[in-house]
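Here is a short briefing on a protein model with its ligands. Please look through the structure first, then read the points below.

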Amino acid sequence: MCDGNMTLHTDKYQINMMYSHWVNGSHNDKAVFDVYFRKLPFGNGFAVFAGLQRIADYIRSLSFGDAEIAYLREQEENYREDFLEELRRFQFTANVHAVPEGTLVFPNEPIMRIEGRIFEVQLIETAVLNYMNYQTLIATKAARIKRVAGDDMLLEFGSRRAQEADAAVWGARAAYIAGFDATSNMLAGMRFGIPTKGTHAHAWVQGHATEQEAFDHYAAALPDQVTLLVDTYDTLASGVPHAIRTAKKLEQQGKRMNAIRLDSGDLALLSKKAREMLDQAGLPYVKIVASNDLDETLIFNLKGQGARIDTWGVGTQLITGGSEPALGGVYKLVARQAGDGYEPVIKISGNPEKITTPGLKELYRIINRQTGKAEADYITLREETDVREGKRIKLFDPLHPYLHKYMDDYEAIPLLQPVFAGGELVARLPQLDEIRAYHRRQLELFLPEQLRKLNPEVYPVDLSETAWQLKMNLLHQYSKRQ
Ligand SMILES: Nc1ncnc2c1ncn2[C@@H]1O[C@H](COP(=O)(O)OP(=O)(O)OP(=O)(O)O)[C@@H](O)[C@H]1O
Ligand SMILES: O=P(O)(O)OC[C@H]1O[C@H](OP(=O)(O)OP(=O)(O)O)[C@H](O)[C@@H]1O
Ligand SMILES: O=C(O)c1cccnc1
């Protein structure tokens with residue numbers, strides 16, 4: 001696990017920029033960066049923010065020690081000794097705001113805001129994006145799977161197929177935030193308090209003379225948590241009948257077998273037939289677990305086919321992001337120091353969606369008091385007070401400003417919460433179960449049409465007129481300069 005000194009977990013260009021600022025004497029100038037993504041993954045209607053715990057751990061442990069300094073000296077002869085000494089004295093003193101983990105988040109809204117000396121805030125871009133992009137991607141995938149699984153139990157089985165150990169462990173945490181019930185990864189269980197669950201592998205059955213002996217031995221060893229994998233030889237002709245015999249023997253000891261696991265073949269058909277066989281044997285309490293390259297589409301289809309599956313084990317397609325292995329979150333400069341204050345900056349692009357939104361901003365979730373539902377997310381400049389005072393606000397689509405409406409009766413929830421102030425951790429980072437419960441409550445703010453898996457309704461992310469006007473002014477100003 002990457003648990004050692006993570007300070008050099010950054011791109012060389014960040015250190016090069018830090019160095020150039022230092023050489024030019026601008027390293028103490030303040031700068032403000034926004035973290036956001038432009039496109040939702042998987043065609044989903046929302047993403048689930050995750051990664052903040054890891055980001056906070058990383059920021060708290062930043063320090064350039066002897067090994068890091070020696071490495072930089074050896075790597076780049078341009079770096080002057082007094083710069084390396086400056087790094088040795090490095091302390092994080094910046095302000096970090098972020099939405100809480102588990103929050104539903106949307107494209108083009110600031111989900112983190114980092115404000116401080118350019119020397120510090122430039123360094124952390126790479127790691128912040130690395131943690132946020134991966135964990136948010138996996139939490140979002142897990143939320144899709146949870147949406148189709150409903151109240152069925154969801155087990156995270158991905159470790160063996162994850163992109164290495166960190167992805168397995170932090171991915172298990174992200175999946176739990178978004179509704180998975182347990183993980184097979186014991187390290188994730190130990191570190192984060194996630195419930196762990198496990199069945200057994202084909203090797204257990206193959207390693208015995210007969211399938212019956214394998215099942216009986218397993219049940220004898222772990223009589224209170226017996227889930228038997230029934231597809232090693234022939235699911236219906238051998239696996240299920242043998243599992244039934246083991247369950248009956250357990251009953252004689254006053255114990256109840258938990259479940260059987262299906263891991264190949266037609267999972268709809270096999271689960272229906274297995275259910276019938278278990279029921280006919282007087283074992284209606286024995287549940288059915290299924291696994292085998294499952295994802296939200298397969299689970300949705302299997303449920304549509306009337307599969308009698310109680311528990312879904314999901315590995316590869318969850319922990320790797322499946323069809324979309326990366327979230328494209330970015331870290332963009334939105335303001336830089338000018339005198340005692342800030343000057344907003346913009347990045348222009350031929351693609352209107354890539355033009356940044358300048359200035360120090362706040363993000364509010366506007367809840368319609370009449371419906372109790374989220375109406376839109378609303379981005380303002382930090383100094384704007386109307387929304388905080390509950391005054392009438394105009395909601396309009398920044399790409400189609402003529403589409404607008406006014407809101408009077410609303411609650412505005414500020415989403416960007418202080419995490420670090422002057423380099424000190426000021427937030428009480430919630431326990432994982434609190435994050436999971438908060439995520440569940442978040443979902444209730446949205447319409448089923450916005451949450452559905454396929455072609456969801458687009459949830460609006462709007463700019464205040466002042467924020468929009470600033471963007472337009474800068475856009476015109478900088479376009480003319482070209
Ligand atoms: N009823 C079904 N409808 C749609 N897809 C299904 C159904 N049952 C299983 N699948 C999925 O079809 C894919 C292929 O499963 P199948 O068991 O045929 O192949 P396999 O994984 O190569 O088998 P094995 O594990 O024996 O090598 C898996 O992703 C599985 O989850
Ligand atoms: O299919 P996933 O969603 O990734 O879930 C994890 C898989 O890992 C195990 O398989 P194993 O490693 O034995 O390989 P298998 O696919 O040959 O069963 C288990 O039996 C699941 O099938
Ligand atoms: O416990 C299981 O059944 C399990 C764990 C990891 C991967 N596949 C299955």
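Helix 6 passes helix 7 with a right-handed crossing. The model is predicted. The points below cover helix packing, domains, annotated spans and the three ligand shells.

**Helix packing**

- Two packed helices are described by the angle between their axes and the distance between the axes.
- Helix 6 spans residues 125-149 and helix 7 spans residues 164-177. Their packing angle is about 45°, and their axes are 8 Å apart.
- Angles under 35 degrees count as roughly parallel and 65 to 115 as roughly perpendicular. Helix 6 and helix 7 are therefore oblique to each other.
- Helix 3 (residues 66-75) packs against helix 4 (residues 81-88) at an angle of about 155°. Here the axes lie 10 Å apart.
- Angles over 145 degrees count as roughly antiparallel, so helix 3 is roughly antiparallel to helix 4.
- The crossing of helix 3 and helix 4 is right-handed.

**Domain division**

- The protein is divided into domain 1 and domain 2. Domain 1 is made of residues 12-138 and 325-481. Domain 2 takes residues 199-309.
- The centres of domain 1 and domain 2, taken over C-alpha atoms, are separated by 47 Å.

**Annotated spans**

- An unreviewed UniProt entry places "domain: Nicotinate phosphoribosyltransferase N-terminal" at residues 8-133. That stretch is 42% helix and 17% strand. Its end C-alpha atoms are 19 Å apart.
- The UniProt feature "domain: Nicotinate/nicotinamide phosphoribosyltransferase" (unreviewed entry) is placed at residues 154-319. Helix makes up 49% of this span and strand 12%. The end C-alpha atoms lie 13 Å apart.
- UniProt also annotates residues 361-471 as "domain: Nicotinate phosphoribosyltransferase C-terminal" (unreviewed entry). Over residues 361-471 the chain is 22% helix and 40% strand. The end C-alpha atoms of residues 361-471 are 12 Å apart.

**Shell around ligand 1**

- Which residues surround ligand 1? They are Ser-264, Gly-265, Asp-266, Leu-267, Ala-268, Asn-292, Asp-293, Leu-294, Leu-298, Asn-301, Leu-302 and Gln-305.
- Helix 12 (267-280) and helix 13 (296-304) each give at least two residues to this shell. Helix 13 has the largest share, with three residues.
- By class, the shell around ligand 1 holds five nonpolar, five polar and two charged residues.

**Shell around ligand 2**

- Ligand 2 has 14 residues around it. The closest are Phe-157, Ser-291, Asp-293, Gly-315 and Thr-316.
- Strand 11 (311-314) and helix 14 (316-319) are the elements that give two or more residues to the shell around ligand 2.
- The shell around ligand 2 divides into four nonpolar, six polar and four charged residues.

**Shell around ligand 3**

- Around ligand 3 are Phe-157, Ser-184, Gly-198, Thr-199, Arg-261, Ser-291, Gly-313 and Gly-315.
- Six residues of the shell around ligand 3 are polar, one is nonpolar and one is charged.

**Residues in two shells**

- Phe-157, Ser-291 and Gly-315 are among the closest residues to ligand 2, and they also appear around ligand 3.
- Asp-293 is in the shell around ligand 1 and is one of the closest residues to ligand 2.

Notes: Residues are numbered from 1 along each chain as its sequence is written. Chains are lettered from A and ligands numbered from 1 in the order in which they are written. This is a predicted model: local features need pLDDT of at least 70, side-chain atom pairs count only at pLDDT 80 or more; totals for chains, interfaces and linings use all residues. UniProt positions are given in the numbering used here, feature names are shortened, and annotations may be inferred rather than shown by experiment. Helices (H or I, at least four residues) and strands (E, at least two) are DSSP runs, numbered from the N terminus. A residue is near a molecule or strand if its C-beta atom, placed from the backbone, lies within 6 Å of it. Ala, Val, Leu, Ile, Met, Phe, Trp, Tyr, Cys and Pro count as nonpolar, Asp, Glu, Lys and Arg as charged, and the others, Gly among them, as polar. Domain bounds come from an automatic or database domain assignment. Axes are lines fitted to C-alpha atoms, for helices over the stretch in contact, and angles run from 0 to 180 degrees between N-to-C directions. A crossing is left-handed if the near helix is turned anticlockwise from the far one by less than a right angle, and right-handed if clockwise.
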